[in-house]
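Please walk me through how this protein is put together, beginning with one helix and what surrounds that helix, and then moving outward to the cores and the helix pairs.

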Amino acid sequence: MASRFVDRAVIHLAAGDGGNGCASVHREKFKPLGGPDGGNGGNGGDVLLIVDPNVHTLLDFHFRPHARAGNGKLGQGGNRAGAAGETLEMRVPSGTVVMTEDGEILADLVGPGTTFVAAQGGRGGLGNAALASKARRAPGFALLGEPGETRDLVLELRSVADVGLLGFPSAGKSSLISVLSAAKPKIADYPFTTLVPNLGVITAGSTVFTMADVPGLIPGASEGKGLGLDFLRHIERCAVLVHVVDCATFEPGRDPLSDIDALEEELARYTPSLGGDLADRPRVVVLNKIDIPDAAELAEFVRPELEARGLSVFEISTASRQGLKELTYALAAVVEKYRSEQPAPEPAKVVLRPMAVDDAGFTVELDPEEEGAFIIRGSRPERWIRQTNFGNDEAVGYLADRLNRLGVEEVLARKGAVPGSPVTIGDVQFEWEPSTPAGVAVHLSGRGTDVRLENTSRIGAAERKEARRIRRDGPDGVEDEDEMDDE
């Protein structure tokens, strides 16, 4: 039967798009100039990752990796705003690490209720009632809603356990966790019986701690051999690492000391992505299967050398339950000491990052692919481009005023731009035409139009084509006629 445990998943998220604003004019009998009453569009829904204590695996994301939040509704006349899109809440287990596909850690979700905004919903567009001003008393346009954020994220589950059991395959780790807790892992007499981490809760007096059974490690696990690379991350949060050693193995070249040295070498090669160093974690050695006479003799023989290394050594038998009580209370004491040494958790602080005084909020660069062209980068100009309906001249004029107030035209002129220079903002390229300063000379025009886009002295495409023909063939095709006469 296939395993139902999944500790890594790639998800594809799409937040909801913002609703478009509404361009409407109030109409009522005997009130011909009722004024604009278009409402704003609703914001798109966010995609949230929330820690749920009842979720223990990432299995749901493995089978359903695509998720999308609700879109915002359109604004309506009568100053009626559109409804916000439905927020999508995705439940994840405690210990989930959220990363980009490049491996950058975005969030470490630990503790019930911890929330992370995985994808931000788009803003709703403003209706023409919100865009009305002294210069534009009845705007004939509204802003478009912004598209929601789309992201591909990697979720990794890293068990939140106090004690991590390490050892070669069939060392008795699953048996140990089954007799110390209520966990019921699969137990058999062949290697790699355990294919998924098992978690058990153990009580020792007034101390309650968790124990994780990591699938069997072998030399080369940190390089991807066996199952180790997939499950080494489950010991990153452990307060204590316990070496479970099989003292009754019949494999040639195996003994407790060489087993511990081999696994310690793999731990040294593994670099926890959450920070810290596994070498600093307390170690405990458990010599298992001493109910077998030969194993008991071997455990007694290697114990002095292990203690000489500064390790705490316990001889146990999961079959006869010998030494389990002493081991349980010893682990509880180490866990309590580790917890007391950890700094107290601090409440999350709100970090304010105000814009620098000399920061204009945008940059103007030369386009490396086109001579005489410019590229404008910045969150606000790019957002304004997404909000503009380029099929409405008045909306395009409003965009020009916003860019002018931001100082874009001044910087373009200083960089050497001339009328007609190609300018790219986001995914839109247009030819730059300087406008009058915003608020100084506003041209009155009909709703949905802007006279600045109608009155232009620029040469049109047809005129440019005719000029190229004249340069090539001469006026009225004289050169062509002369050539025909010569023939």
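**A helix and its surroundings**

The buried residues of α10 are covered by parts that include β15 (363–366), β16 (374–377), α9 (393–406) and β17 (422–425), where contact means heavy atoms within 4.5 Å, and where helices (H or I, at least four residues) and strands (E, at least two) are DSSP runs numbered from the N terminus. This is a predicted model, in which local features need pLDDT of at least 70 and side-chain atom pairs count only at pLDDT 80 or more, while totals for chains, interfaces and linings use all residues. Residues are numbered from 1 along each chain as its sequence is written, and side-chain values use heavy atoms, with hydrogens and water left out.

Within α10 itself, which spans residues 408–415, the buried positions are Val408, Glu409, Val411 and Leu412; buried means under 20% relative accessible area, exposed over 50%, and partly exposed in between, with a 1.4 Å probe and protein chains only. These four lie on the same side of α10 because they cover an arc of only 165° around the axis, the arc being that of the directions from the helix axis to the C-beta atoms. An α-helix has 3.6 residues a turn, so residues three or four places apart point the same way. Glu410 and Arg414, on the other side of α10, are exposed, and just after the helix Gly416 takes a positive phi of about 105°.

The helix α9 also packs against α8 (residues 379–387), and their axes come within 11 Å and cross at roughly 175°; axes are lines fitted to C-alpha atoms, for helices over the stretch in contact, and angles run from 0 to 180 degrees between N-to-C directions. That makes α8 roughly antiparallel to α9, given that angles under 35 degrees count as roughly parallel, over 145 as roughly antiparallel, 65 to 115 as roughly perpendicular and the rest as oblique. Arg380, Pro381, Trp384, Ile385 and Gln387 on the α8 side meet Leu399, Arg402, Leu403 and Leu406 of α9.

Tyr398 of α9 takes part in an aromatic pair with Phe141, so the pair ties together parts that are 257 residues apart in sequence, Phe141 lying in the loop between α2 (128–131) and β8 (150–157). The two rings are tilted, at 5.2 Å centre to centre with 45° between the planes; rings of Phe, Tyr and Trp (its six-membered ring) pair if their centres lie within 6.5 Å, and planes under 30 degrees apart count as stacked, over 60 as edge-to-face and the rest as tilted. Both Phe141 and Tyr398 are buried.

Turning to the cores, the largest nonpolar core has 24 residues, of which Val163, Leu176, Phe209, Met211, Val242 and Leu331 touch the most other members; such a core is a set of buried Ala, Val, Leu, Ile, Met, Phe, Trp, Tyr and Cys residues joined through side-chain atoms within 4.5 Å. The helix α7 gives the most to this core, with five residues. Apart from it lies another core, of 22 residues, among them Ala9, Leu58, Ala118 and Leu153.

The axes of α3 and α7 come within 12 Å and cross at roughly 85°, which makes α3 roughly perpendicular to α7. Their contact is made by Leu176, Val179 and Leu180 of α3 and by Leu324, Leu327 and Thr328 of α7.
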